[in-house]
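Hi,

Here is the structure I promised to pass on to you. Have a look at it first, and then read my notes below.

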Amino acid sequence: MGSKPRPVFSWFKDGRKLKRTKWHESGNDTLAVSTLTLTPSPEDDGHQLKCHAHNPSILNSGMEDILTLNVLYPPQVTLKLGTSLNPNDIKEGDDVYFECQVRANPKEHKILWKHEVGPTFSELFPYSPQN
């Protein structure tokens, strides 16, 4: 963005001003750049970042651009005993069920349930490169 005097930049996440974030401003007489450094987490997926710039000497001179974050991350899996079950009241022969909650981006493709799984192939046959 170009402006004289140099524009004042502000960064926002979901409409709230970012105060403790690292950004760097650079430029010359005709161009000003503000670069935000962000390490996104899975919780940031789908949230919006906004860069706003205005010239304090010109009324209503603000301009902004918005970007929706698409954060890719591996599956996060939580396994729970069925919500209607009391873990202290389960006896041999009782029917039980489990809930597998998966959070991922991209969305999970397949959920595979295993019971009493033995060692993996790589544990049985470890790879050792020949020198």
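Which residue in strand 5 does Val8 stand opposite? The model is a predicted one, and in it the partner of Val8 is His54. The two strands in question are strand 1 (residues 8–13) and strand 5 (residues 48–54), which run antiparallel and are joined by 6 bridges.

That pairing belongs to a wider arrangement: an open sheet of 4 strands, ordered 2-1-5-6, with antiparallel pairing. At its edges lie strand 2 (16–17) and strand 6 (63–68), each of which pairs on one side only.

Next, the interior. The largest nonpolar core has 11 residues, namely Phe9, Trp11, Leu18, Ala32, Leu36, Leu49, Cys51, Ala53, Leu69, Val71 and Tyr73. At least two residues of this core come from each of strand 1, strand 4 (32–37) and strand 5, and strand 5 gives the most, with 3 residues. As general background, nonpolar side chains tend to be buried together in soluble globular proteins.

Tyr73, one of the core residues, may be worth a click. Leaving aside residues up to four places away in sequence, Tyr73 touches Pro42, Asp45, Arg103, Ala104 and Asn105.

Finally, the surface. Leu79, Ile90, Val96, Phe98, Ile111 and Trp113 make a nonpolar patch of about 570 Å² there. Val96, from this patch, sits in the loop between strand 7 (73–81) and strand 8 (98–105). Val96 counts as partly exposed because its relative accessibility is 36%, which falls between the 20% limit for buried and the 50% limit for exposed.

Happy browsing, and best wishes!

How values were computed:
Residues are numbered from 1 along each chain as its sequence is written. This is a predicted model: local features need pLDDT of at least 70, side-chain atom pairs count only at pLDDT 80 or more; totals for chains, interfaces and linings use all residues. Side-chain values use heavy atoms; hydrogens and water are left out. Patches are made of residues with over 30% relative accessible area and no salt bridge: like charges are joined within 9 Å, nonpolar side chains (Val, Leu, Ile, Met, Phe, Trp, Tyr) within 5 Å. Accessible areas come from the Shrake-Rupley method with a 1.4 Å probe; for residues, only the protein chains shown count as cover. A salt bridge is a side-chain nitrogen of Lys or Arg within 4 Å of a carboxyl oxygen of Asp or Glu. Buried means under 20% relative accessible area, exposed over 50%, partly exposed in between (1.4 Å probe, protein chains only). Two strands pair if DSSP finds at least two bridges between them. A nonpolar core is a set of buried Ala, Val, Leu, Ile, Met, Phe, Trp, Tyr and Cys residues joined through side-chain atoms within 4.5 Å. Contact means heavy atoms within 4.5 Å.
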